[in-house]
Amino acid sequence: MPCTWITSDLQLLLILTLFLVAECISAVMEDLVTSNNSLMQQMVKDNYSWASTITSSLDRKQSTVTPPAEVNTSLSVPVGTKAVLSCPLVLCTSILLTTWEIVLRDKLPCFRAFRGDTNETKGRNCTDERITWASRLDENPALQIDPVAITHDGYYRCQMVTPNGNFHRGYHLQVLVPPEVTLVQTENGTAVCKAVAGKPAAQISWTPEGDCVTEQKHHWGNDTVTIQSTCYWEGRHVLNVSCSVSHLTGNKSLSIELDQDAKTSAPLRILRIVPPIFIILVIIGSIWLLKISGCRKLKKTEHTSVFEEDEMQPYASYTEKNNPLYDTTNRVKMSKVLQSEVDGMSLHTVYVPEV
């Protein structure tokens with residue numbers, strides 16, 4: 001019994017010792033994990049601070065550098081006028097080189113250059129004499145177009161080279177062409193307003209408003225557009241109408257007084273033309289019928305006379321051959337003919353007595 005009790009106590013002590021050792025190891029591990037986490041957090045904070053410092057320094061460096069100025073402008077110029085295209089304004093610096101690049105439709109790019117230190121100008125593929133330098137190149141190397149034509153639609157770009165960098169300015173040039181406006185009334189009573197060969201396309205409006213149909217026709221050779229608006233006011237007593245044309249080159253308005261009889265004039269003309277035409281056709285038809293009937297009667301008469309002659313000819317031949325009266329008459333006629341021929345020839349007849 002004593003030994004058994006001692007053995008059981010020793011086992012209990014061993015279990016308690018193992019439990020305490022496990023608790024100690026767990027506490028140590030928790031301390032290690034906590035310290036590692038705090039260390040990692042500190043390292044992340046340090047890295048974030050370092051990255052922020054680098055980023056801010058880079059931002060400060062970039063903010064001290066000024067990028068080159070570059071501007072693109074859309075410019076609309078009426079045809080036949082003068083246009084001046086300027087380069088970007090550069091202050092307190094010397095311009096080493098100025099170049100103009102001109103890109104027109106269906107043409108090779110044109111290049112014009114001016115060198116400031118030698119006052120030398122050069123050009124390549126520039127054949128249009130209406131595009132020249134505007135003024136003194138050392139003061140303002142601008143480009144001028146005089147006069148502006150439809151073919152000058154395109155892109156113009158100026159580049160200036162300076163010790164502080166390159167500066168650019170571009171122009172999208174659009175040439176404006178005013179349309180030719182007309183307003184007429186047709187025979188059927190409608191009004192037609194046209195804006196011919198405008199660039200860009202014009203807009204048409206009516207006063208008062210009516211039932212209108214608008215059509216467009218593009219002229220691809222010069223990019224102009226013709227607008228035609230046909231309007232009518234059926235069932236309304238409208239005496240005057242106005243056609244207003246809106247365009248970038250200016251607005252224009254035309255008015256016309258409507259002819260109320262225009263709608264009925266065409267049928268009346270038709271009614272006036274039909275009777276004479278009908279009469280003429282009747283006369284021509286009558287002449288043709290008379291001609292046909294006359295030809296038929298003539299053919300019938302000729303046919304009858306020939307038939308009668310053919311029927312009488314055998315009887316006449318038989319009478320002449322068998323009737324002595326015809327024979328005597330023929331002999332008398334023949335003797336008279338012979339006697340007249342003899343008298344005409346002055347011949348004397350000699351009678352020879354019979355022996």
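This is a short walk through one predicted model, from the whole chain down to single residues.

I'll start with the chain overall. It has 355 residues, and 20% of them count as buried. The secondary structure comes to three helices and 16 strands. About 26600 Å² of the chain is exposed, with carbon and sulfur atoms supplying 61% of that area. As for contacts between residues at least 6 apart in sequence, 55% join residues at least 24 apart.

Now to the strands, beginning with β4 and β5. Strand β4 covers residues 110–115, and its pairing with β5 is antiparallel, over five bridges. R115 stands opposite E120 in β5. Four residues lie between the strands of this hairpin, and N119 there takes a positive phi near 50°.

Is strand β5 largely in the open or largely buried? Strand β5 runs over residues 120–124, and the number of buried residues among these five is zero, so the strand lies largely in the open.

Just past β5 comes N125, in the loop between β5 and β6, the latter at 131–133. N125 is not a glycine, yet its phi is positive, near 60°. Its relative accessibility is 42%; buried would need under 20% and exposed over 50%, so N125 counts as partly exposed.

N125 also takes us to the largest pocket, since N125 is one of the residues lining it. The volume of this pocket is about 150 Å³. Which elements give two or more residues to its lining? They are β3, residues 97–104, and β4. The lining includes I102 and L104, then C110 and R112, and also C126, T127 and D128. By residue class, the lining divides into six nonpolar, two polar and three charged.

Next, β8 and β9. Strand β8 is residues 154–162 and strand β9 is residues 165–176; they run antiparallel and are joined by nine bridges. Within that pairing, Y156 has Y171 in β9 as its bridge partner. The hairpin from β8 to β9 passes through two residues.

Y171 comes up again from the other end of the sequence. T73, in strand β1 at residues 70–78, is in contact with G170, Y171 and H172, leaving aside its neighbours within four places in sequence. T73 and L173 are 100 residues apart in sequence, while their C-alpha atoms are 8.5 Å apart in space. With a relative accessibility of 29%, T73 counts as partly exposed.

After β9 the chain goes through a loop to β10, and P178 lies in that loop. What does P178 contact, beyond its neighbours within four places in sequence? Its contacts are V79, A197, G198, H247 and T249. For P178 and T249, the separation is 71 residues in sequence and 5.7 Å in space, C-alpha to C-alpha. P178 has 44% relative accessibility and counts as partly exposed.

Then β10 and β11. Strand β10 is residues 180–185, strand β11 is residues 191–198, and six bridges pair them in the antiparallel sense. V184 has V192 in β11 as its bridge partner. Five residues lie between the two strands of this hairpin, and G189 in the turn has a positive phi of about 95°.

Strand β11 has another pairing to mention: six bridges join it to β14, residues 224–232, again antiparallel. Here G198 stands opposite V225 in β14. G198 is also one of the contacts of P178.

D223 sits in the loop between β13 and β14. D223 is not a glycine, but its phi is positive, about 65°. At 32% relative accessibility, D223 counts as partly exposed.

Last, two peptide bonds to check on the screen. The bond from D146 to P147 is cis, with omega near -5°. P147 is in the loop between β7, residues 143–145, and β8. A cis bond also joins T207 and P208, with omega about -5°. P208 is in the loop between β12, at 203–207, and β13, at 211–219.

Technical notes: Residues numbered from 1 in each chain as written. Predicted model: local features only at pLDDT ≥ 70, side-chain atom pairs only at ≥ 80, totals over all residues. Heavy atoms only, no water. Buried < 20%, exposed > 50% of the residue type's maximum accessible area, 1.4 Å probe, protein only. Contact = heavy atoms within 4.5 Å. Areas by Shrake-Rupley, 256 points an atom, 1.4 Å probe, with all protein chains shown as cover. Pairing = 2+ DSSP bridges. 1 Å grid on protein atoms, 1.4 Å probe; cavity = no way out; pocket = protein on both sides within 12 Å on 5 of 7 lines; lining within 4 Å. Points joined across faces, edges and corners; volume = space filled by probe spheres on them. Nonpolar A, V, L, I, M, F, W, Y, C, P; charged D, E, K, R; others polar.
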